[in-house]
Amino acid sequence: MNVKLADIFCRFAVGDLPCAATLLTSGHINQTWRVDTTSGASYVLQRLSPVAFPDPDSVMANKLAVTRHLSTRAAAADAARPVPRFLALREGGFLLRDEDGGAWNLMPFIGPSRSYLAAPDVHIAREAGLTLGEFLSHTSDLDPTLLNETLPGFHDLGRRLGEFDVALASADAGRRNEAAQAIRDVGELRESMLVIERLRVAGVIPPRVTHNDTKLPNMLFTPEGKGLCMIDLDTVMPGILHYDFGDAVRMLCNTGAEDEPDPDRIGIRLDYFEAFIEGMFGSSRLAPQPGETTALADSPAAMAFIVGLRMLTDFLEGDRYFTTAYPGHNLVRARAQLALAGRFAEARARLEDALESALQSAADSGRTG
Ligand code: GN1
Ligand code: MG
């Protein structure tokens, strides 16, 4: 394996000798490898992107706070559910800095396990809801003010719209023309997408610890498809339930890929939505607080919109943030996510009906607070 990777691995206080490294490619920001060792144990070695995470110490502090908290809660609640864990450096501390500003951390690989880019069936959709619900239930008694806001205003749509407006004003004319339709779509949707942010600012939706990147590939399952835990904890921060709920639904219930080039293939899997909310609100121990179920049906549209908006902003700025696989990839992603936001907005009444009945059954069985 690559000498630099092996050297970095050996700086961590692990007795095992690395023998192979495989780049895991589902993320758009950081670089992550699975490292296998001669003893048979495997690890996850990650380099945090300095572009996305200018203050990696704060990120690491959040990851440690959340995993330590989870390990006390999850172990008591369900021994079968593993908790991600970070390994220290030989010299002390948990982050190794490289000369390019990158910051490395190491975790034991949780296995046997697998993840999915898209859900194959309703069973996985239900397990995804259960997995997110357990994460949010186990972190619900961790004071969000103890965590750093590592990416200020990460899901604050007002702020993201402001960044988009600035990018648009200074964008290269060629890119602006290419993106003309997506720019018009943002103009049409922006006002209606602000509903959740306004409720948060007004104090109707209370803060809690959230994961903030709850797409399906960030959930681990057993090889048989039982949900295990949330992974990719770089964005754990104070947030609101709507961010995690909406972001998970955004990816899970889309009939197309996140970067689907054909808008006709983008649609909503209502059966997956029903299974997901049954898992999250009916089967997990999550007890939504007053205000947390207000406008929940608006959150998948809002989260698809904000992700699309960020991808469009990055395209207009020359692709500096998200890793892209080909020229124009960010624009393709943005078009797909903006189309998806429109589909979720059209399906709003159906999402709301399904949510109402799932929350009612959970309340009848004494789960919701
Ligand atoms: C990024 O790197 P990854 O794939 O875990 C992004 C998320 C987006 C997601 C879209 C720190 O996550 O906010 O929702 O891409 N993470 C960051 O797939 O910006
Ligand atoms: Mg992430």
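Which residue has a polar side-chain atom 2.9 Å from an oxygen atom of ligand 1? Select Asp232 and you have it: one of its polar side-chain atoms sits at that distance from the ligand oxygen. Keep in mind as you click around that you are looking at a predicted model.

**Stop 1: the ligand**

Stay with ligand 1 and add Asp213 to your selection. An N or O atom in the Asp213 side chain is 2.7 Å from an oxygen atom of the ligand. Now pick His28, and this time show the backbone, since a polar backbone atom of His28 lies 2.9 Å from a ligand oxygen. How much of ligand 1 does the protein bury? On its own the ligand exposes 440 Å², and the protein buries 96% of that.

**Stop 2: the shell around it**

Next, select everything around ligand 1. You should have 16 residues, and the ones that come nearest are Asp213, Lys215, Glu258, Arg310 and Tyr321. Try colouring the shell by residue type: seven of its residues are nonpolar, three are polar and six are charged. Which element gives the shell its largest share? Highlight helix α10, residues 299-316, which supplies three residues.

Now zoom out and colour 3-108 one way and 122-365 another. These are domain 1 and domain 2, and ligand 1 lies between them because both give residues to its shell.

**Stop 3: an open sheet**

Head for the sheet of five strands. Follow it across in the order β1-β2-β3-β5-β4, and you'll find an open sheet with antiparallel pairing. Its edges are β1 and β4 (96-97), each of which pairs on one side only.

Start at the β1 edge by selecting residues 18-24, then add β2 at residues 31-37. The two run antiparallel and are joined by six bridges. To see individual partners, label Ala20, which is bridged to Asp36 in β2, and Leu24, whose partner in β2 is Thr32. The hairpin connecting β1 to β2 passes through six residues.

Keep going to β3, residues 42-48. Strand β2 runs antiparallel to β3 too, again with six bridges between them. Asp36 turns up once more here, with Ser42 as its bridge partner in β3. Four residues separate the strands in this hairpin, and among them you can click Gly40, which takes a positive phi near 100°.

**Stop 4: another hairpin**

Jump to residues 219-221 and 227-230. These are strands β7 and β8, an antiparallel pair with three bridges. Label Met219 and look across to β8: which residue stands opposite? That would be Met230. Five residues lie between β7 and β8 in their hairpin, and Gly225 in the turn has a positive phi of about 95°.

**Stop 5: aromatic rings**

To finish, show the aromatic side chains. There are seven aromatic pairs to hunt for. Begin with Phe245 and Phe273, whose rings meet edge-to-face, with 6.1 Å from centre to centre and 70° between the planes. Where along the chain do Phe245 and Phe273 come from? Phe245 belongs to helix α8 (residues 241-252) and Phe273 to helix α9 (residues 270-283), so show both helices: this pair links distant parts of the chain, 28 residues apart.

Definitions and conventions: Residues numbered from 1 in each chain as written. Chains lettered and ligands numbered in written order. Predicted model: local features only at pLDDT ≥ 70, side-chain atom pairs only at ≥ 80, totals over all residues. Heavy atoms only, no water. Near = heavy atom within 4 Å. Polar contact = N/O pair within 3.5 Å; in protein donor to acceptor, adjacent residues only side chain to side chain. Areas by Shrake-Rupley, 256 points an atom, 1.4 Å probe, with all protein chains shown as cover. Nonpolar A, V, L, I, M, F, W, Y, C, P; charged D, E, K, R; others polar. Domains from an automatic or database assignment. Pairing = 2+ DSSP bridges. Phe/Tyr/Trp six-rings, centres within 6.5 Å; stacked < 30°, edge-to-face > 60°.
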